Amino acid sequence: MANIIGGITTSHIPAIANAMANGLEETPYWKPFFDGYPPVRDWLNEKKPDVIILFYNDHGLEFFIDKKPTFAIGVADEYHNADEGWGIPTIPPVTGESELSWHIANSLVEDGFDMTICQEMKVDHGLTVPLNLMWPGYNYGHVKVIPVCINCEQHPMPQPKRTFVLGQAIGRAVASFEEDLNVVVFGTGGMSHQLDGERAGIINRKFDIECLDKLVTDPEDLTKYSNLDLVEIAGAQGVELNMLLAMRGTLIGQVKELHRNYHAPISNTGSGLMLLEHTMPEK
Amino acid sequence: MATNETREFPGTYLFDSKMAKKGYGLNKMCYSFNNQEARDEFNADPDAYCDKFNLSDAQKVAIKEKDIIAMLREGGSIYYLAKYAGLLKLNMQDIGALQTGMSVDEFKDMLVKNGRGDV
Ligand SMILES: [Fe+2]
């Protein structure tokens with residue numbers, strides 16, 4: 001049976017890609033951020049997961065607002081990055097995992113989550129930055145990735161309570177997959193930030209840390225927030241908390257926090273890195 | 001919450017159904033800036049390129065004056081506008097400074113303070 005062995009939260013902002021491309025990891029500005037990653041990399045290299053399910057949002061590379069899926073899942077054998085318009089390096093292809101992807105897609109639709117199912121999708125920094133953070137030097141080709149994309153750009157967008165149960169449904173789908181595979185789930189993005197308007201630049205450190213705490217001990221409590229609550233408390237892009245919640249939803253057994261590094265600011269946002277070990281529920 | 005709840009957040013331009021409709025052409029143009037050929041075509045003749053996407057007069061003025069707040073008011077989504085910002089070689093702190101009326105250094109200082117939890 002496929003087994004979710006852990007969940008990870010990480011930032012995915014493009015500035016990280018620039019910092020890595022320019023070798024800035026050890027500079028005073030970036031060091032406190034990058035210093036959080038080695039323990040997570042070590043854990044991944046030790047556990048060697050076969051598959052990463054990665055929650056992210058597409059910031060306008062694959063999806064335009066001509067047709068904007070609320071939830072999309074990739075079922076391809078390979079995914080490509082492309083020029084996003086502002087000069088971060090385009091990175092090598094990402095390996096997919098079509099069988100488990102289709103199994104999850106089938107199971108989700110059966111379960112009442114009407115996914116957009118994608119056999120081709122360009123993946124943007126939301127997906128590529130976390131992979132390169134975990135396996136620097138673009139050394140992520142060996143791991144198979146299942147992209148799950150959540151609309152965080154255009155209202156109406158799915159509410160936290162919905163993304164959390166989507167995660168739970170994916171957790172159940174993985175548990176019902178026959179093949180023995182080790183799976184780690186990434187929830188990427190966040191945390192508090194606002195890019196637009198005169199209110200640009202808000203970061204809510206206290207709320208971010210509260211969210212990380214709650215993600216460990218009481219994720220369901222975070223589903224009391226609506227997206228508009230999040231806009232108010234954590235800024236217009238604070239709604240990216242939805243990806244972290246979806247990740248946490250997949251962890252339907254027992255979790256244990258192994259590592260955490262909160263640092264703010266990087267670029268315009270707070271960064272919450274956390275590694276949760278997961279034990280699947282008894283069958 | 002109610003299905004069609006709207007709330008005002010001062011200094012925030014929620015990208016909702018109204019904005020998505022109003023800003024469609026503007027966002028479509030900015031989305032095209034994912035491609036180098038589109039960026040080159042825009043740079044060669046900005047007005048002609050704006051016309052290709054049927055931008056309103058207000059949107060064209062906002063683009064010409066690099067007025068991010070005006071673009072937001074005219075239905076721009078920050079995610080697509082960011083691609084226009086990229087074409088202008090502006091980063092997110094430059095954009096933040098432009099929108100808040102601060103210098104880039106002042107804006108960065110504010111981020112550091114906010115990040116520390118001083119406010
Ligand atoms: Fe994002």
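Q: In this predicted model, which residues touch the most other members of the largest nonpolar core?
A: Ile53(A), Phe55(A), Ile104(A), Leu166(A) and Ile170(A) do, out of the 62 residues in that core. The helix that gives the most to this core is α6 (residues 160-175) of chain A, with 7 residues.

Q: What makes a set of residues a nonpolar core?
A: The members have to be buried nonpolar residues joined through side-chain atoms within 4.5 Å. Another core lies apart from the largest one; this other core has 42 residues, among them Ile16(A), Tyr79(A), Ile88(A) and Leu133(A). As a general point, nonpolar side chains in soluble globular proteins tend to be buried together.

Q: What makes His12(A), His59(A) and Glu240(A) protein donors of the iron ion?
A: Distance does. A donor is an N, O or S atom within 2.8 Å of the metal, and NE2 of His12(A), NE2 of His59(A) and OE of Glu240(A) lie 2.1 Å from the iron ion, so they count as donors. Along the sequence the spacing reads H-x46-H-x180-E. The two histidines link distant parts of chain A, 47 residues apart: His12(A) sits in the loop between β1 (3-10) and α1 (14-21), and His59(A) in the loop between β2 (51-56) and β3 (71-74).

Q: Why is His12(A) called buried?
A: Buried means under 20% relative accessible area. His12(A) comes in at 1%, so the label fits. His59(A), with 5%, is buried too.

Q: Why is Trp102(A) called partly exposed?
A: Partly exposed covers what lies between the buried limit of 20% and the exposed limit of 50%. Trp102(A) has 32%, so partly exposed is the right term. This tryptophan lies in helix α4 (residues 98-110) of chain A. Together with Val109(A) and Ile117(A), Trp102(A) forms a nonpolar patch on the surface, with about 220 Å² of accessible area.

Q: How do you know that Cys149(A) is in no disulfide?
A: Generally speaking, a disulfide is a covalent bond between the sulfur atoms of two cysteines. To count as one here, the two sulfur atoms must be within 2.5 Å. For Cys149(A), the nearest cysteine sulfur is that of Cys118(A), 7.8 Å away, and no disulfide is assigned. Cys149(A) is buried, at 4% relative accessible area.

Q: What about Cys50(B), and how far away is the nearest cysteine sulfur?
A: That sulfur belongs to Cys30(B) and is 8.6 Å away, and Cys50(B) is in no disulfide. With a relative accessible area of 2%, Cys50(B) counts as buried. Over all chains, the structure holds 0 disulfides.

Notes:
Residues are numbered from 1 along each chain as its sequence is written. Chains are lettered from A and ligands numbered from 1 in the order in which they are written. This is a predicted model: local features need pLDDT of at least 70, side-chain atom pairs count only at pLDDT 80 or more; totals for chains, interfaces and linings use all residues. Side-chain values use heavy atoms; hydrogens and water are left out. Donors are N, O and S atoms within 2.8 Å of the metal (3.2 Å for Na, K and Ca); water is not among the atoms, so sites may look incomplete. Helices (H or I, at least four residues) and strands (E, at least two) are DSSP runs, numbered from the N terminus. Buried means under 20% relative accessible area, exposed over 50%, partly exposed in between (1.4 Å probe, protein chains only). Patches are made of residues with over 30% relative accessible area and no salt bridge: like charges are joined within 9 Å, nonpolar side chains (Val, Leu, Ile, Met, Phe, Trp, Tyr) within 5 Å. Accessible areas come from the Shrake-Rupley method with a 1.4 Å probe; for residues, only the protein chains shown count as cover. A salt bridge is a side-chain nitrogen of Lys or Arg within 4 Å of a carboxyl oxygen of Asp or Glu.
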